[in-house]
Amino acid sequence: MIQGTVNWNTKITQDWLQNYVDDWVTFYQKQTKDGEVASYIPILKEADPKHLGISILGNNGLSVRSGNVDTTFTIQSISKVFCFIVACMERGVAYVLDRVDVEPTGEAFNSIMHLEMRKLKKPFNPFVNAGAITVTSMLNGKTPDEKLEPLFQLLEKILGHRPSLNLDVYESERDSSIRNRAIGYYLVELDYLESNMDITLETYFKQCSIEVSIDDLAIIGRVLANDGLDMQTDEEIIPRKIARLAKALMLTCGMYDASGKFAAYVGIPAKSGVSGGIIAVAPPRVREEVLPFTEGCGIGVYGPALDNQGNSIAGIKLLKHIATKWDLSIF
Ligand code: DON
């Protein structure tokens, strides 16, 4: 029997889960040394590269947390998922998909190449910067704060508290983001933006600076695992069609130019951010063995040491390990 699976006669207990996950986090924490914290947004350099933490919240109420569980961090690119969801809720799916495609790029998150090649008549997908900034420009409202209010309200509804905005991170990105401004100008030239460029970029930098914890990501992940339904209240917080579309995009585009490998080796929808966060979503599945979280779960990971694609280096390895041991793959 592989480590981490359970005898038919054994009940999955909290202690059993905790011991395994603690061991795995301790093991993968050593691999944080192979990555580097992001430095192109100056303040992100201050993160401790040795940190690694995970929080898993199951549909059956079972939960496990391990490692650096109390560090909060900015949501960064994970916000692209929720911005896309809010834009679809405000404007309708057809409107949004008329203006941004759903194709993976196989290129870096901040690549400008596809805009220049004009292979498609719109940005490739809402999770690369060009697509995300375009989606941000579609949000209702005149000011960045007006545009982001529905996003905050959605997160507050799911989490039960309103997340804060990390102003230091926001200012650090606003004052350093040459590439995103270049993308912004390109989008203006192509006539893709629906709001003024400065307002759109300010909104984008602010949405990236929302402060979260791994527990927050696990709670939100669980709502996505249930196609937008809050299991506790039975309320549909995100329309099912939009939640499922967001998950399809997370699976195909969520880890940037490592999305194919993540789908092949981990096999669950996920989205990373450059501060080292990952949200991952394991939908309910039918398995004959007794395995944890077969009813579905949301997962939050934090590990600020990144690989070359800008994803948490140890976080991905830890997720791969857990998904293999507990057969989380949707395939
Ligand atoms: O656009 C940026 O540069 C950041 N605010 C977000 C990028 C990001 O998180 C990429 N993720 N791996």
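Which cavity does the ligand sit in? Keep that in mind as you look around this predicted model.

**Stop 1: the whole protein.** Start by colouring two selections. Domain 1 covers 14-74 + 212-325, and domain 2 covers 77-208. If you place a marker at the centre of each one, using C-alpha atoms, the two markers end up 22 Å apart. Now show where the domains touch: 34 residues from domain 1 and 35 residues from domain 2 take part in that contact.

**Stop 2: the ligand.** Select the ligand next. Here's the answer to the opening question: the ligand sits in the second largest cavity.

**Stop 3: the shell.** Show the residues around the ligand, and you should get 15 of them. Y40, Q76, S77, E173 and Y204 are the closest. Try colouring the shell by class: seven residues are nonpolar, seven are polar and one is charged. Then go back to your domain colours, and you'll see that domain 1 and domain 2 each supply at least three residues of the shell.

**Stop 4: the polar contacts.** Zoom in on the oxygen atoms of the ligand and pick three side chains. Click Y40, where an N or O atom of the side chain is 2.5 Å from a ligand oxygen. Move on to N129, which has a polar side-chain atom 2.9 Å from an oxygen of the ligand. Finish with N180, whose side chain places an N or O atom 3.0 Å from a ligand oxygen.

How much of the ligand does the protein bury? On its own the ligand exposes 350 Å², and the protein buries 100% of that.

Notes: Residues are numbered from 1 along each chain as its sequence is written. This is a predicted model: local features need pLDDT of at least 70, side-chain atom pairs count only at pLDDT 80 or more; totals for chains, interfaces and linings use all residues. Side-chain values use heavy atoms; hydrogens and water are left out. A residue is near a molecule or strand if one of its heavy atoms lies within 4 Å of it. A polar contact is a pair of N or O atoms within 3.5 Å; within protein, one must be able to donate a hydrogen and the other to accept it, and residues adjacent in sequence count only if both atoms are side-chain atoms. Accessible areas come from the Shrake-Rupley method with a 1.4 Å probe; for residues, only the protein chains shown count as cover. On a 1 Å grid over the protein atoms alone, a cavity is a set of points where a 1.4 Å probe fits but cannot get out, and a pocket is an open set with protein on both sides within 12 Å along at least five of seven lines; lining residues have an atom within 4 Å of a point. A molecule sits in a cavity or pocket if more than half of its atoms lie within 2 Å of its grid points. Ala, Val, Leu, Ile, Met, Phe, Trp, Tyr, Cys and Pro count as nonpolar, Asp, Glu, Lys and Arg as charged, and the others, Gly among them, as polar. Domain bounds come from an automatic or database domain assignment. Contact means heavy atoms within 4.5 Å.
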